[in-house]
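Reader: I would like to learn how to read a sheet and the helices that lie on it. Could we go through one case step by step?

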Amino acid sequence: MAPFLIERRSRLPVDEAWRRLTHWQRHAASVPLTRITVTTPPPSGTGTRFTARTRLGPLALDDPMEVVRWQPPTEHGPGRCRLEKRGRAITGWAEIEVYGHGAGSRARWTEELRVRGVPRVFDPLTAWTGRLVFGRVLRRLLDG
């Protein structure tokens, strides 16, 4: 597994940061060549399933995920969401946490990512790529 962690501060209130970070289709706007389809009815919560499909010409890679933990923020604690990656090519998990931070919020994205067929010697490169891509997602969702 290639673990990585990203943290970002935001001027957004906790509830708005949570809403933006758990609006799954909006993630695709920050990931080139990717579209996200939610396959379960709203609202989001435990059991929500969606697939991120990245396509370049005839080549496509699906990253199906399921929300296995859903704890929106409250006045007493942070919001936490855990996604399990259920694909043939991409496995692992991601956790999104949103905390109050002064008048704004702080988001933490933790992920362990495995790309089948890619030797473990490339885990540092996979983690670096994950930090780059999902750092961009966090920045755009929290600033946009």
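Reader: How many bridges join β1 to strand β7, and do the two run parallel or antiparallel?

Author: In general, strands of a sheet pair through backbone hydrogen bonds, either parallel or antiparallel. In this predicted model, β1 and β7 (residues 104-115) run antiparallel and are joined by nine bridges; as one example of the register, arginine 9 has arginine 106 in β7 as its bridge partner.

Reader: What is the order of the strands in the open sheet, and which are the edge strands?

Author: The seven strands follow the order β1-β7-β6-β5-β4-β3-β2, with antiparallel pairing. At the edges are β1 (2-10) and β2 (34-38), each of which pairs on one side only, and from one strand to the next the twist averages 20°.

Reader: Which strands do helices α1 and α3 lie across?

Author: Helix α1 (residues 14-21) lies across β4, β5, β6 and β7, and runs at about 165° to β6, whereas helix α3 (residues 123-143) lies across β1 and β7, at about 20° to β1. From its first C-alpha to its last, α3 reaches 29 Å over 21 residues, close to the 30 Å expected at 1.5 Å a residue.

Reader: Where do the buried residues of α3 fall when the helix is seen down its axis?

Author: Begin with burial, here under 20% relative accessible area: among the buried residues of α3 are Asp123, Gly130, Phe134, Val137 and Leu141. Seen down the axis, the buried residues of α3 fall within an arc of 165°, so they line one face of the helix. These buried residues pack against β1, α1, α2 (24-27) and β7.

Key:
Residues numbered from 1 in each chain as written. Predicted model: local features only at pLDDT ≥ 70, side-chain atom pairs only at ≥ 80, totals over all residues. Heavy atoms only, no water. Pairing = 2+ DSSP bridges. Helix = DSSP H or I, 4+ residues; strand = E, 2+ residues; numbered from the N terminus. Axes fitted to C-alpha atoms, helices over the stretch in contact; angles between N-to-C directions. Contact = heavy atoms within 4.5 Å. Expected span 1.5 Å × (residues − 1). Buried < 20%, exposed > 50% of the residue type's maximum accessible area, 1.4 Å probe, protein only. Arc of directions from axis to C-beta.
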